[in-house]
Amino acid sequence: MTQVTYEIPDMPDLYKPYRDEMYKNIIGRSWLMKDLREHCGNRSVDWIKTKILYNPKYSREIGTMERDGQIHESTGAGNAWSFKATAMAQFIENHYEEIFGGK
């Protein structure tokens, strides 16, 4: 019997071109809540608040992002939230399975 070996590339390498292109489109941009909703598959504002922004599991990380100016919750009228797009995209990437996998 002949043995055949296949080299399978690492999964992150398969997504690198997509990820690089996505980051080029969001560098230097800020997102409003509607943009974050779109990035999360058009989930509701309540879902984003529950699963991400007010989730106790992420409170330290979200708090640091707020202190660093990457997340801003307005107390005035108009858009209540703004996010540094690259920082939020990276946060979601880092916690994707937990956020979307229901863990």
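**Exercise 1. Overall architecture**

Which pattern does the protein follow when read along the sequence?

*Solution.* The model is predicted: local features require pLDDT of at least 70, side-chain atom pairs count only at pLDDT 80 or more, and totals for chains, interfaces and linings use all residues. Residues are numbered from 1 along each chain as its sequence is written, and side-chain values use heavy atoms, with hydrogens and water left out.

Step 1. Assign the elements: helices (H or I, at least four residues) and strands (E, at least two) are DSSP runs, numbered from the N terminus. The protein has six helices and three strands.

Step 2. Place them in order: the pattern is α-β-α-α-α-β-β-α-α.

Step 3. Consider confidence, expressed as pLDDT (the predictor's confidence in each residue, from 0 to 100). The protein has a mean pLDDT of 84, with 75% of its residues at 70 or more. Helix α1 (residues 11–26) has the lowest confidence, at a mean of 67, and α4 the highest, at 97.

Step 4. Consider contacts (heavy atoms within 4.5 Å). Among contacts with a separation of 6 or more, 56% are between residues 24 or more positions apart.

**Exercise 2. The two sides of α4**

Determine which residues of helix α4 are buried and what they pack against.

*Solution.* Step 1. Apply the accessibility classes: buried means under 20% relative accessible area, exposed over 50%, and partly exposed in between (1.4 Å probe, protein chains only). In α4 (residues 59–67), the buried residues are I62, G63 and M65.

Step 2. Examine their directions from the helix axis to the C-beta atoms, which define the arc. The three lie on the same side of α4 because they cover an arc of only 160° around the axis.

Step 3. Turn to the face away from the buried side, which carries the exposed residues R60 and R67.

Step 4. Identify the packing partners: the buried residues of α4 pack against α3 (45–53), β2 (71–73) and α5 (85–94).

**Exercise 3. The nonpolar core and α5**

Identify the residues that touch the most other members of the largest nonpolar core, and the element that supplies its largest share.

*Solution.* Step 1. Define the core: a set of buried Ala, Val, Leu, Ile, Met, Phe, Trp, Tyr and Cys residues joined through side-chain atoms within 4.5 Å. In soluble globular proteins, nonpolar side chains tend to be buried together.

Step 2. Find the central members: of the 22 residues in the largest core, L36, I52, F83, M88 and F91 touch the most other members.

Step 3. Trace their origin: α2 (33–39), α3, α4, β3 (81–84) and α5 each supply at least two residues of this core. The largest share, six residues, is from α5.

Step 4. Inspect α5 itself: seven of its ten residues are buried, so α5 is largely enclosed by the rest of the structure. These buried residues are A85, T86, A87, M88, A89, F91 and I92.

Step 5. Follow L36: beyond its neighbours within four places in sequence, L36 contacts W31, I48, F83, M88 and I92.

**Exercise 4. Aromatic rings**

Classify the pair formed by Y96 and F100, and describe the ring cluster to which these residues belong.

*Solution.* Step 1. State the rule: rings of Phe, Tyr and Trp (its six-membered ring) pair if their centres lie within 6.5 Å; planes under 30 degrees apart count as stacked, over 60 as edge-to-face and the rest as tilted. Five aromatic pairs result from this rule.

Step 2. Apply it: Y96 and F100 are 4.7 Å apart centre to centre, with 35° between the planes, and their pair is tilted.

Step 3. Locate the pair: both residues lie in helix α6 (residues 96–100), four residues apart, about one turn of the helix. Y96 counts as partly exposed at 45% relative accessibility, and F100 is partly exposed at 23%.

Step 4. Extend the cluster: ring pairs link W47, Y96 and F100. R43 lies over the face of W47, 4.5 Å from the ring centre; the criterion is NZ of Lys or CZ of Arg within 6 Å of the ring centre and within 35 degrees of the ring normal.

**Exercise 5. Positive phi in two loops**

Where do G69 and N42 lie, and are they buried or exposed?

*Solution.* Step 1. G69 is in the loop between α4 and β2; its phi is positive, about 80°. At 56% relative accessibility, G69 counts as exposed.

Step 2. N42 is in the loop between α2 and α3. Its phi is near 60°, a positive value in a residue other than glycine. N42 is exposed, with a relative accessible area of 56%.
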